[in-house]
Amino acid sequence: MGSPKKNKKTYETPPHPWQQLRMEDESRLIQEYGLKNKKEIWKAESNLRNYRRKARELLAEVGRATETSKGVKKEKQEFLDKLKRYGLVSQDGTLDDVLGLKVRDILDRRLQSIVNKKGYARTPKQARQFIVHGHIALNGQRVTIPSYLVKTTEENQISYSHTSPMKNEAHPERIEKVEEEL
């Protein structure tokens, strides 16, 4: 049992650190999504691995369970509802859809990616800077974590923070037209 004051590592590093193809793929993802470092990719991959593991366990339990076991069905439904809230699975998605998720699906749900797609920033790097500097708010609350996973209900609540100078439409870094829809 570890100390509650010290956070434990929440991701796994690649087993072989110097594989050229993996390193090239990671570099492309860092460039495309404006990530700080490879650790953010490894965290997303670890989350994805955990989702897939849970889906495989639930599929096995559903196969073994009888029709009367409501606990497994309830756990399966709660797991799918969680993924639907984050927009990782469609509304009629199944556990098989969870097994088909890619790391890009998780990276697309980050606050940084959505701010860039909505047009609040010109580039993914600029979106990250706006978030870290406190220019972006979710439902009126300033959020400074670029890796925050945005729920589907929160997508339309993203805006500039009320204390941010970016709120002024004449600000030189502000894009003239902010997209309302993704």
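This is a quick walk through the pockets and the small sheet in this structure. One thing up front: it's a predicted model.

Okay, pockets. The largest one holds about 370 Å³ of space. There are 16 lining residues, and the ones closest to the centre are Glu40, Lys43, Ala44, Arg110 and Ser147. Two elements give two or more residues to that lining, namely α2, which runs 38–64, and α5, at 103–108. α2 has the largest share, with five residues. If you're thinking about chemistry, the lining splits into six nonpolar, four polar and six charged residues.

So where does the largest pocket sit relative to the domains? Domain 1, 20–103, and domain 2, 110–167, both contribute lining residues, so the pocket lies between them.

Next, the second largest pocket, at about 160 Å³. Its lining is Arg22, Asp25, Glu26, Arg28, Leu29, Glu45, Val103 and Arg104. By class, that's six charged, two nonpolar and no polar residues. Here the largest share comes from α1, with five residues. Both α1, residues 20–33, and α5 put in at least two. And yes, α5 turned up in the largest pocket's lining too.

Last bit, the sheet. It's an open one, three strands in the order β2-β1-β3, with antiparallel pairing. β2, at 141–142, and β3, at 158–160, are the edge strands, each pairing on one side only. β1 covers 136–138, and three bridges link it to β3 in the antiparallel sense. If you want one to click on, Ile136 has Tyr160 in β3 as its bridge partner.

Key: Residues are numbered from 1 along each chain as its sequence is written. This is a predicted model: local features need pLDDT of at least 70, side-chain atom pairs count only at pLDDT 80 or more; totals for chains, interfaces and linings use all residues. Side-chain values use heavy atoms; hydrogens and water are left out. Two strands pair if DSSP finds at least two bridges between them. Helices (H or I, at least four residues) and strands (E, at least two) are DSSP runs, numbered from the N terminus. On a 1 Å grid over the protein atoms alone, a cavity is a set of points where a 1.4 Å probe fits but cannot get out, and a pocket is an open set with protein on both sides within 12 Å along at least five of seven lines; lining residues have an atom within 4 Å of a point. Grid points are joined across faces, edges and corners, and a volume is the space filled by probe spheres set on the points. Ala, Val, Leu, Ile, Met, Phe, Trp, Tyr, Cys and Pro count as nonpolar, Asp, Glu, Lys and Arg as charged, and the others, Gly among them, as polar. Domain bounds come from an automatic or database domain assignment.
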